[in-house]
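Student: I'd like a close look at one part of this protein, the stretch that UniProt lists as a domain, and how it sits within the whole chain. Walk me through it, please.

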Amino acid sequence: MSRFTLPRDLYFGRGSLAELKNLKGTRAVLVLGGGSMKRFGFVDKAVAYLKEAGIETKLFEGVEPDPSVETVMKGAAMMQEFQPDWIISIGGGSPIDAAKAMWVFYEYPKTTFKKLITPFSFPTLRTKAKFCAIPSTSGTATEVTAFSVITDYQKGIKYPLADFNITPDVAIVDPELAETMPPKLTAHTGMDALTHAIEAYVSTAAQPFTDPLAIEAIKIIYKTLKASYDGDMAAREKMHYAQCMAGMAFSNALLGITHSMAHKTGAAFSTGHIPHGCANAMYLPYVIQYNAVNKRAKERYAEIAKAIGLKGKSATALVNALCDVIRDMNKYFNIPSSLKEYGIDEAEFLSKIDEIAKLAIGDACTGSNPRPITPAKMKALFTHVYYGTPVKV
């Protein structure tokens, strides 16, 4: 038996932020990121709408990119004191992911990350609060997913939390918020969305309800991401919906080792964190090459290539054409083609790769990858990614 879970309500379209005035409750904590939503006036609008709904609101501000365990615990402590019946997050993937984790620790203060990192092992939520997510970026789709990623900077790893309990109750997908994204963020989040859709389509957990969402998202992203990056706001709106569709797909079909690799390298190197979408964009062509050894995966990648109008006389030719398209997109967005080009020190990479490979194998996304992988093969794959060489694993 399979399962397909989405938020109970999804509101979309320009001005849909106003749906906050129709929430039923008494107190809300509004979880925010670095301040852009405040600068552009969306926080004031949200607070006004909540006031109109008769809801008292407290702000938790300053969630950092790749939110930390410490930030999650601070937010949960605030919630335990304020006792909200709504947790609402506006912003990119980071504040929404952080708010999801805060939600768990608010309702279950004695739980631990050690317990939560086992996929689909969460306690039952909604004993104290419901959750509303309002994305300002077009990539993570965390507003419709059962996932959250939290970083333990002391250990240098990311925890991908996975449980249908943390699927939001309400998602508000208002493209006006996405219009504030700068080009670099537009590119990184857009390539993250593309990776979500591709990995969902080839996942071992792909299903009849996720395949149409994944394929349609890929087609829209392929047609509109470059224009969105260049500032076309009509394209930006289409991207905002496409990334949400990709999220619906991967939340139920799961992901693959592109994400496993990105999760374990985001905070691993001394040069600073690698943005999640940038890492996915770099790794995706190499992972496709690795996975295409599997017959079913090759056929699925070929179907993706055909769906976006690529030509090839064989499945192999279509897979190669798909990899070339992704590389061309990365080049257009000034995304490096290898970890070496990104600026990761070779000696540091070589000293850490064994442990990184081991951690990536244990990532929650690895289990649904279409081709099995061992620590030795993961190390070899990472080595190809570092030097930018064709995959032969």
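Tutor: Helices (H or I, at least four residues) and strands (E, at least two) are DSSP runs, numbered from the N terminus. This is a predicted model, where local features need pLDDT of at least 70, side-chain atom pairs count only at pLDDT 80 or more, and totals for chains, interfaces and linings use all residues. Residues are numbered from 1 along each chain as its sequence is written, and side-chain values use heavy atoms, leaving out hydrogens and water.

Now to your stretch. An unreviewed UniProt entry lists residues 186-385 as "domain: Fe-containing alcohol dehydrogenase-like C-terminal"; such annotations may be inferred rather than shown by experiment. Across residues 186-385 you get 72% helix and 0% strand, and the C-alpha atoms at the two ends sit 23 Å apart.

Helix 7 covers residues 183-202. With 20 residues at 1.5 Å each (times one less than the residue count), helix 7 should span 28 Å, and its end C-alpha atoms are 29 Å apart, so the two agree. Helix 7 is also mostly covered, with 17 of its 20 residues buried (under 20% relative accessible area, 1.4 Å probe, protein chains only).

Zooming out, the chain has 16 helices and eight strands. Of its 393 residues, 58% count as buried. The C-alpha atoms fill a box of roughly 60 × 45 × 40 Å along the principal axes. A compact globule of 393 residues would have a radius of gyration near 21 Å (2.2 Å times the number of residues to the power 0.38, over C-alpha atoms), and the chain's 20 Å agrees with that.

How values were computed. Buried means under 20% relative accessible area, exposed over 50%, partly exposed in between (1.4 Å probe, protein chains only).
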